[in-house]
Amino acid sequence: MIFNNVSTSTFFFDGGGDFEISNNDIKVITGNMKVRIQALKDFLRSNYNDYAYNPNMAANLDVFIGRGIDENLKAEFDDYLKRGIIASKLFEASEFNVYSVISGSTLVFRIILREAEDEIIQITYSTALGVTID
């Protein structure tokens with residue numbers, strides 16, 4: 001299997017994106033918003049040097065691992081997310097909102113896209129587990 005280490009990923013052609021690998025199958029994606037959402041999820045999961053042709057194109061959320069959770073980290077993480085999404089050019093600032101809450105030793109962020117409010121991207125940072133994206 002060529003894609004045995006890939007769960008879901010989107011391939012872009014000329015900035016659009018038409019194909020997705022899911023469970024080792026290639027399927028065609030219809031609808032530009034779905035492509036952009038999947039690309040955003042891939043971006044949020046990426047770290048610097050993940051993409052050979054553009055090593056700095058990544059959310060690089062691992063920079064927060066090891067830091068204690070408090071209101072200052074929440075504000076910094078929130079700003080970092082917003083700036084990263086805008087810099088990725090996948091969504092403009094007017095197209096999304098980021099909401100966050102501290103729950104014990106966990107920091108939860110939800111990204112809500114204005115054109116797809118039913119599609120919520122959740123980022124969880126836990127001092128025990130690190131950063132996860134759902």
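# Exercises on a predicted fold

Glutamine 122 is found in strand β6. The model in front of you is a predicted one, and this residue is a friendly place to begin.

## Exercise 1: A polar partner

Find the residue whose side chain makes a polar contact with the side chain of glutamine 122, and place that partner in its strand.

Solution. Start with the side chains: those of glutamine 122 and arginine 110 are joined by a polar contact of 2.8 Å. Next, list the contacts of glutamine 122 beyond its neighbours within four places in sequence: Val108, Phe109, Arg110, Thr132, Ile133 and Asp134. Arginine 110 is one of these residues. Finally, place the partner: arginine 110 belongs to β5, where it stands opposite tyrosine 99.

## Exercise 2: The hairpin of β4 and β5

Work out how β4 and β5 run relative to one another, parallel or antiparallel, and how many bridges join them. Then look at the turn for a residue with a positive phi.

Solution. The two strands are antiparallel, and eight bridges hold the pairing. Moving to the turn, there are two residues between the strands of this hairpin. Glycine 104 takes a positive phi there, near 65°.

## Exercise 3: The two sides of α2

Compare the end-to-end reach of α2 with its expected span, then sort its buried and exposed residues by side.

Solution. Step one is the length. Helix α2 covers residues 71-88, 18 residues in total, and its first and last C-alpha atoms lie 26 Å apart. That is close to the 26 Å expected at 1.5 Å a residue.

Step two is burial. The residues of α2 that count as buried are Leu73, Lys74, Phe77, Asp78, Leu81, Gly84, Ile85 and Ser88. They lie on the same side of α2 because their arc around the axis is only 135°. The face turned away from this buried side carries the exposed residues Glu71, Asn72, Arg83 and Ala87.

Step three is the packing. The partners of the buried residues of α2 are α1 (32-45), β4 (96-103), β5 (106-113) and β6 (116-126).

Step four is the ends. At the start of α2, a side-chain oxygen of aspartate 70 comes to within 3.2 Å of the backbone nitrogen of asparagine 72. Just after the helix, lysine 89 takes a positive phi of about 65°.

## Exercise 4: An in-between residue

Decide which burial class suits lysine 82, and find its contacts away from its sequence neighbours.

Solution. Lysine 82 lies in helix α2. Its relative accessibility is 32%; exposed would need over 50% and buried under 20%, so lysine 82 counts as partly exposed. Leaving aside neighbours within four places in sequence, lysine 82 contacts Phe96 and Val98. For a backbone distance, try alanine 93: this residue is 11 residues away along the chain, and its C-alpha atom is 7.5 Å from that of lysine 82.

## Exercise 5: The setting of α1

Explain why α1 can be called largely enclosed by the rest of the structure.

Solution. First check the geometry: the 14 residues of α1 should span 20 Å at 1.5 Å a residue, and the 20 Å between its end C-alpha atoms agrees. Now count burial: 11 of the 14 residues are buried, so α1 is largely enclosed by the rest of the structure. Among them are Met33, Ile37, Leu40 and Phe43, as well as the charged-type names Arg36, Lys41 and Asp42.

## Exercise 6: Two loop residues with positive phi

Asparagine 60 and lysine 89 both have a positive phi: settle for each whether it is buried or exposed.

Solution. Asparagine 60 sits in the loop between α1 and α2, and its phi is about 55° although it is not a glycine. With a relative accessible area of 11%, asparagine 60 is buried. Lysine 89 belongs to the loop between α2 and β4; it is not a glycine either, yet its phi is about 65°. Its relative accessible area of 74% makes lysine 89 exposed.

As a follow-up, take serine 46, also in the loop between α1 and α2. Serine 46 is buried, at a relative accessible area of 3%. Its contacts beyond four places in sequence include Tyr51, Met57 and Asn60.

## Exercise 7: The whole chain

Write down the order of elements from the N terminus, then summarise burial and surface.

Solution. There are two helices and seven strands, and their order is β-β-β-α-α-β-β-β-β. Of the 134 residues, 40% count as buried. The protein exposes about 8100 Å², with 49% supplied by carbon and sulfur atoms.

Terms used: Residues are numbered from 1 along each chain as its sequence is written. This is a predicted model: local features need pLDDT of at least 70, side-chain atom pairs count only at pLDDT 80 or more; totals for chains, interfaces and linings use all residues. Side-chain values use heavy atoms; hydrogens and water are left out. Helices (H or I, at least four residues) and strands (E, at least two) are DSSP runs, numbered from the N terminus. The expected span of a helix is 1.5 Å times one less than its number of residues. Buried means under 20% relative accessible area, exposed over 50%, partly exposed in between (1.4 Å probe, protein chains only). The arc is that of the directions from the helix axis to the C-beta atoms. Contact means heavy atoms within 4.5 Å. A polar contact is a pair of N or O atoms within 3.5 Å; within protein, one must be able to donate a hydrogen and the other to accept it, and residues adjacent in sequence count only if both atoms are side-chain atoms. Accessible areas come from the Shrake-Rupley method with a 1.4 Å probe; for residues, only the protein chains shown count as cover. Two strands pair if DSSP finds at least two bridges between them.
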